[in-house]
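Visitor: I am new to this structure and would like a close look at a single part of it. Please choose a good place to start and walk me through it slowly, linking each detail to the next.

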Amino acid sequence: MISKRNLVFLGAPGAGKGTLAQILCQEMKLAHISTGDILRAEIKNGTELGKKAQSYVTSGGLVPDDLVADMVAKRLLEKDCQNGFVLDGFPRTVNQADLLEKALAKIGKKLDGVVYFEATEEILIKRLTARLMCRKCNSIYNTLFTPPKNKGVCDKCGTELFQRPDDSLETAKDRLKIYNEQTAPLVPYYKAKKMLSTIQAEQPKDKSYPELIKVLS
Ligand code: AMP
């Protein structure tokens with residue numbers, strides 16, 4: 001069992017936040033809030049928010065803070081968050097972290113912890129450019145490290161897998177640059193608040209998952 005249940009997963013794209021969040025949330029009955037998944041669904045459904053976010057997501061840039069923060073504040077009100085939640089991909093700027101703190105305070109909640117997924121740039125690029133995702137259930141695979149049992153098809157729901165357009169080498173490099181400039185300052189930010197635990201995210205998930213459980217216990 002884990003004692004920390006209101007969580008932020010922090011780390012560069014490709015660090016494995018989404019993969020471990022899916023496993024943890026299923027096991028511990030937490031809500032998995034991936035801002036990237038929500039934005040991709042909004043874009044696919046052609047909503048107002050989707051239209052506003054599209055150009056940022058396609059180019060690997062950051063969607064404006066207020067749009068994403070409002071979206072997360074609404075999501076946190078949903079019933080499945082009562083037992084705890086993992087924010088995966090949010091906050092991505094110090095301003096978003098402030099907006100999150102305020103949104104949580106408004107509903108009488110606070111973060112129990114922030115987990116930092118540490119990995120080198122070399123492995124991040126390798127993972128991003130070999131990543132495949134399920135169109136339906138958002139399960140994540142990797143052609144090098146964790147391939148699906150049947151090529152191009154999701155093990156869980158049988159749907160076709162695809163490569164995210166922003167996982168191309170060029171856009172992946174841009175996203176890592178933006179991470180270093182805008183998101184990496186959250187590491188010292190949460191460290192100063194004594195909320196940060198670090199896990200070595202370069203290892204395969206059967207090694208990093210027990211490490212995650214340990215820091216949340
Ligand atoms: P992800 O699936 O977390 O890699 O996110 C995919 C894309 O969605 C990012 O490259 C951004 O364009 C956008 N996005 C996701 N989360 C955020 C956020 N917290 N702030 C701004 N943009 C975001």
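## From a small sheet to the ligand

Guide: Let us start with an open sheet of 3 strands, which has the order 6-5-7 and antiparallel pairing. Its edges are strand 6 (140-142) and strand 7 (161-162), each of which pairs on one side only. Before going further, please keep in mind that this is a predicted model. Strand 5, residues 131-134, runs antiparallel to strand 6, and 3 bridges join the two. To see this pairing at the level of single residues, find Leu-132 and look across to Tyr-141 in strand 6, its bridge partner.

Now for the part I would like to show you closely: the ligand and its surroundings. How many residues surround the ligand? There are 17, and the closest are Thr-35, Gly-61, Gly-89, Arg-92 and Gln-96. By type, this shell divides into 7 nonpolar, 5 polar and 5 charged residues.

Next, look at the polar atoms. A nitrogen atom of the ligand lies 2.9 Å from a polar backbone atom of Gly-89. A polar backbone atom of Val-63 is 3.0 Å from a nitrogen atom of the ligand. The side chain of Arg-175 also takes part, with an N or O atom 3.1 Å from an oxygen atom of the ligand. As for how covered the ligand is, taken alone it exposes 480 Å², and the protein buries 96% of that. Two elements give two or more residues each to the shell, namely helix 2 (35-44) and helix 3. Of these, helix 2 provides the largest share of the shell, 4 residues.

Let us stay a little longer with Val-63, whose backbone we have just met beside the ligand. You will find Val-63 in the loop between helix 3 (48-59) and helix 4 (65-76). Is Val-63 buried or exposed? Its relative accessibility is 7%, which is under the 20% cut-off, so Val-63 counts as buried. Leaving aside residues up to four places away in sequence, Val-63 touches Leu-39, Ala-53, Tyr-56, Val-57, Val-68 and Gln-96. Gln-96 is one of the residues closest to the ligand, too. Arg-92, another of those closest residues, is 29 residues from Val-63 in sequence, yet their C-alpha atoms are 9.9 Å apart in space.

Arg-92 brings us to a backbone detail at Pro-91. Pro-91 sits in the loop between strand 3 (85-88) and helix 5 (94-106). The peptide bond from Phe-90 to Pro-91 is cis, with omega near 0°. Most peptide bonds are trans, and most residues other than glycine have a negative phi.

That last point leads to two lysines. Lys-29 is not a glycine, but has a positive phi of about 55°. Lys-29 belongs to the loop between helix 1 (17-28) and strand 2 (31-34). With a relative accessible area of 60%, over the 50% cut-off, Lys-29 is therefore exposed. Lys-194 likewise has a positive phi, of about 60°, and is placed in the loop between helix 8 (186-192) and strand 8 (196-200). Lys-194 is exposed as well, because its relative accessible area is 77%.

Technical notes: Residues are numbered from 1 along each chain as its sequence is written. This is a predicted model: local features need pLDDT of at least 70, side-chain atom pairs count only at pLDDT 80 or more; totals for chains, interfaces and linings use all residues. Side-chain values use heavy atoms; hydrogens and water are left out. Buried means under 20% relative accessible area, exposed over 50%, partly exposed in between (1.4 Å probe, protein chains only). Contact means heavy atoms within 4.5 Å. A residue is near a molecule or strand if one of its heavy atoms lies within 4 Å of it. A polar contact is a pair of N or O atoms within 3.5 Å; within protein, one must be able to donate a hydrogen and the other to accept it, and residues adjacent in sequence count only if both atoms are side-chain atoms. Accessible areas come from the Shrake-Rupley method with a 1.4 Å probe; for residues, only the protein chains shown count as cover. Ala, Val, Leu, Ile, Met, Phe, Trp, Tyr, Cys and Pro count as nonpolar, Asp, Glu, Lys and Arg as charged, and the others, Gly among them, as polar. Two strands pair if DSSP finds at least two bridges between them.
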